[in-house]
Amino acid sequence: MSHTKFLIALLPIGLFLSSARADSMRPIFSLENQFPRWEQFEVGLSYQAIERENGFIQDDRQTYSAYVRYGILEDFAVKLEVPFVNRDLSFADSESGIGDLAVEFQLRAWEDIFGYPYFIPYVRATIPTGDEDKGLGTEDSVVEAGLAYGDNISDDFQWVLDFGYRVNPDFDNQLIIGNSYIYNVSNEFALLVEFLYEEEIEGDDESLVVMSGGFSYYWSPQLRMGAHIGGGITGSVDVWSQVSLDYSF
């Protein structure tokens, strides 16, 4: 068999392996151009810990979340997230329970033939299932709409800029900006540096700016894990950390 015929024979195998690769989001503060394919499911678990300090009040919150993301179309996905929240507040009893469910719609409106640059508008809304009196949720739905733009710096280095606007029912509305930098060490392993900006709301002394560093690793073409840790540059957050695991099928 000639080399040409051999390569042609391997082409369908290569396409199958490529299509089996998971396309889960690696950043935590912005949307990357990673979508489930049409009629593909992605399920995941995450643990997030945030330590805040407002004056003499220490507010520690741990959130255990389960989510499912589904490819309605090749470029259109819906995500449902269910959180369980544990809150430890100084000078008060700890509280725990279901938080506010969230539904998010993500649209890959445009991408270059090579995948970069791209534009992803999205809308996210919460369902007020958490107990507001215990600090586990809000009385009304919180809606956030945004647009993510990503591009290549080099073949192995990408960045994402994500602008969002959050409509809060009980506080001032907020401008949210996420900025992520992704360095692909290999096809399986990537390093990330990210920044989050949240405009101040009523009761805050200043806007929140968080810096986080982390990694993403594919254990298999379908199974991925991520770990991130960071802290506040300005605002009330002392520590921000998250560990996640997701699987596509």
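Tyr-47, Tyr-64, Leu-80, Val-82, Phe-84, Ile-98 and Val-243 make a nonpolar surface patch of about 570 Å². Patches here are made of residues with over 30% relative accessible area and no salt bridge, with nonpolar side chains (Val, Leu, Ile, Met, Phe, Trp, Tyr) joined within 5 Å and like charges within 9 Å. Accessible areas come from the Shrake-Rupley method with a 1.4 Å probe, and for residues only the protein chains shown count as cover. The strand β3 gives the most to the nonpolar patch, with three residues. Strands are DSSP runs of E of at least two residues, and helices are runs of H or I of at least four, numbered from the N terminus. Val-82 lies in β3 and counts as partly exposed because its relative accessibility is 33%. On this scale, buried means under 20% relative accessible area, exposed means over 50%, and partly exposed is in between (1.4 Å probe, protein chains only).

The model is predicted: local features need pLDDT of at least 70 and side-chain atom pairs count only at pLDDT 80 or more, while totals for chains, interfaces and linings use all residues. Residues are numbered from 1 along each chain as its sequence is written, and side-chain values use heavy atoms, with hydrogens and water left out.

**Charged patch**

A negative surface patch is formed by Asp-131, Glu-132, Asp-133, Glu-139, Asp-140 and Asp-170. In the count of charges, Asp and Glu are negative and Lys and Arg positive, while His and the chain ends are not counted. Each charge is placed at NZ of Lys, CZ of Arg, CG of Asp or CD of Glu. Asp-170 is found in the loop between β9 (157–167) and β10 (174–184). With 35% relative accessibility, Asp-170 is classed as partly exposed.

**Salt bridges**

Side chains of opposite charge can pair when their charged atoms come close. A salt bridge is counted when a side-chain nitrogen of Lys or Arg is within 4 Å of a carboxyl oxygen of Asp or Glu. The whole structure holds 11 salt bridges. The table lists some of them.

| Salt bridge | Closest N to O |
|---|---|
| Arg-108 and Asp-75 | 2.8 Å |
| Glu-104 and Arg-124 | 3.3 Å |
| Asp-246 and Arg-224 | 2.7 Å |

Arg-108 lies in the loop between β5 (101–107) and β6 (110–111), and Asp-75 in the loop between β2 (57–73) and β3 (76–89), so their salt bridge ties together parts that are 33 residues apart in sequence. Arg-108 is buried, with a relative accessible area of 12%, whereas Asp-75 is partly exposed at 30%.

The salt bridge of Glu-104 in strand β5 with Arg-124 in strand β7 (residues 118–127) ties together parts that are 20 residues apart in sequence. Glu-104 counts as buried at 8% relative accessibility, and Arg-124 as partly exposed at 25%.

Asp-246 belongs to strand β14 (residues 237–248) and Arg-224 to strand β13 (residues 223–234), so this pair ties together parts that are 22 residues apart in sequence. Both Asp-246 and Arg-224 are buried. Salt bridges that share partners also join Asp-75, Arg-108 and Glu-111 into one network.

**Aromatic pairs**

Rings of Phe, Tyr and Trp (its six-membered ring) pair if their centres lie within 6.5 Å; planes under 30 degrees apart count as stacked, over 60 as edge-to-face and the rest as tilted. The whole structure has 15 aromatic pairs. One of them is edge-to-face: the ring centres of Phe-157 and Tyr-183 are 6.3 Å apart and the planes are at 85 degrees. This pair links distant parts of the chain, with Phe-157 in strand β9 and Tyr-183 in strand β10, 26 residues apart. Phe-157 is partly exposed at 28% relative accessibility, and Tyr-183 is partly exposed at 39%.

Phe-189 and Phe-215 form a tilted pair, because their ring centres are 5.9 Å apart and their planes are at 40 degrees. Phe-189 lies in strand β11 (residues 189–198) and Phe-215 in strand β12 (residues 208–218), so the pair ties together parts that are 26 residues apart in sequence. Phe-189 is partly exposed, with a relative accessible area of 26%, and Phe-215 is partly exposed at 27%. Elsewhere, ring pairs link Phe-41, Tyr-70, Tyr-247 and Phe-249 into a cluster.
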